[in-house]
Amino acid sequence: MWHTGKVMRGTNTATTIQRKAAAVLAACAAAASHTSPAFAHASDRGHVLLLPTGHYIAGAAFAVAASLLVLALLPPARLVSIWRKRLPLGSIPDLRLPASLAAFAVFAVLITAGFIGSRDPLSNPLPLTVWTLLWVGLTLAQGLCGNLWSWLNPWYGPYSLVTGALGAKARQKTPLHLPEWLGYWPAVILFFAFAWFELIDPAPDDPARLAMAAGLYWIISFTAMLAFGFERWSRQGEFLSAFFAMIGRFGIVEASKDRSRLRLALCWPGAKLYQAEALPPAGALFLLATLASVSFDGFSKTFFWLGLNSINPLELPGRTALVATNSFGLMAMFVALAGVGLLAVVAGERLVRSAAPLPEAAGLFVWSIVPIALAYHFSHYLTALLVNGQYALVALSDPFALGWNLLGTAHMPVEAGIAMGAHSAWLLWNLQAAAIVGGHVLAVLVAHVFAWRLHPSAASASLSQLPLTVLMIGYTVFGLWLLSTATAG
């Protein structure tokens, strides 16, 4: 009788918690539904979209809120068993070394083209490859498929050749030791330098300027790898490798080494995170920095941000006049995201009176930022990828502007109208909105799995996620507002 009563009381407690959770989430979604609708969407090419985005925002908020309610009713063991399922795809040869050497050769050609090729950023392959194919295209492919960067890394091949020539001793023992306490801080600092150059520098598209920056970065990174070891610096210092390794955990293809071959298997998005360890504070800040940079890239062009800084969007000054303003804005966006995210984790843990250390909880839940960052990456850069990707194909076919046609695409007409017109407007907006909603729903799923790891009770796990889900609902609204509000530049 005592045992039965205890079970009934536990059941009533869980039901009460779920009802409270439902009430809070419904209130958040209702508040979102009263958000003032924005009816204009302006892209970098003056593309205006007339859609009732207020309805999209309300629907998206309800979708994210409902996802937590569904997860709260789903048995934890069932979700974990689904995540563990794998579909074998066979094996392939491990061609990482030749692929990396080929990538380095292409990189060298691009750097040369940056110095001696066309001065037009839309005709020179270097800015188009770096800003469109690498930072946009490869990021999305990495998040969808898995760790493609391990094959395309332009440092691995040269590092292997140099250390191989120096002997096995040079490969095993590095001259310097990277302190453990340093963690991800080198990657954080270098990523902020990259984000500042991309978003705030007066001329990041200038081919010669970009060639100088990219070439110098390759040399610095290669020197650090020789000094501290390839794996160590790639994990903690080289921000591209650190970033791609993190988002590759969400890819649907899993690769495991088997002698000289790689065994491939298909898995669910985010399933490779099941055994992920909590990131240290610097690693968590690194992930937040990637989201902050993409968010500020869109926010800095809005009439709202320009109005805050007393700038007439119809008389937009050049980048040089906005260096100080946007530098402050980028850091403010990062601090705001970090502060609000930490506050949501603290509030959730206190709701259930968790005994788990705060750094562990924050280091686990920050993984849920990755699908959100990928969703914003896709939505924010979709039109640029569609249009500038075509320019990249043309430029790569004639990298030095000498009349070559290496890929047979040098004379391909660029269809800039692919992002214009009523049908394209409707399609692009829905793809962007679906990506943002889907990214946040997946984020809720990832956070919930980690909550179950910290809290053995399903009810406690659901309750601990309330503040984080409220934050994700708010960020969903913010993301759709960014896509729909008027922008300049």
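Me: How many helices and strands does the protein chain have?
Reply: In this predicted model, the protein chain has 20 helices and three strands.

Me: And what share of the residues is buried?
Reply: Of the 489 residues in the protein chain, 49% are buried, while the accessible surface comes to about 22,600 Å², with 69% of that area belonging to carbon and sulfur atoms.

Me: Ok, helices then. What span should H13 have, and how far apart are its end C-alpha atoms?
Reply: Helix H13 covers residues 281-299, and because each residue adds 1.5 Å, its 19 residues should span 27 Å, which agrees with the 26 Å between its end C-alpha atoms.

Me: Is H13 mostly covered or mostly open?
Reply: H13 is mostly covered, since 17 of its 19 residues are buried.

Me: Switching to strands: in which sense do S2 and S3 pair?
Reply: Strand S2 (residues 253-258) and strand S3 (residues 261-266) pair in the antiparallel sense over six bridges, and one of the bridge partnerships joins Glu-254 to Ala-265 in S3.

Me: What about the hairpin, which residue there takes a positive phi?
Reply: That residue is Arg-259, with a phi near 60°, in a hairpin that has two residues between strands S2 and S3.

Me: Last one, His-448: where is its place, and is it buried or exposed?
Reply: His-448 lies in helix H18, which runs over residues 422-454, and His-448 counts as buried because its relative accessible area is 0%, under the 20% cut-off.

Me: So which residues does His-448 touch?
Reply: Leaving aside residues up to four places away in sequence, His-448 touches Leu-68, Leu-71, Ala-72, Ala-461, Ser-462 and Gln-465.

Notes
Residues numbered from 1 in each chain as written. Predicted model: local features only at pLDDT ≥ 70, side-chain atom pairs only at ≥ 80, totals over all residues. Heavy atoms only, no water. Helix = DSSP H or I, 4+ residues; strand = E, 2+ residues; numbered from the N terminus. Buried < 20%, exposed > 50% of the residue type's maximum accessible area, 1.4 Å probe, protein only. Areas by Shrake-Rupley, 256 points an atom, 1.4 Å probe, with all protein chains shown as cover. Expected span 1.5 Å × (residues − 1). Pairing = 2+ DSSP bridges. Contact = heavy atoms within 4.5 Å.
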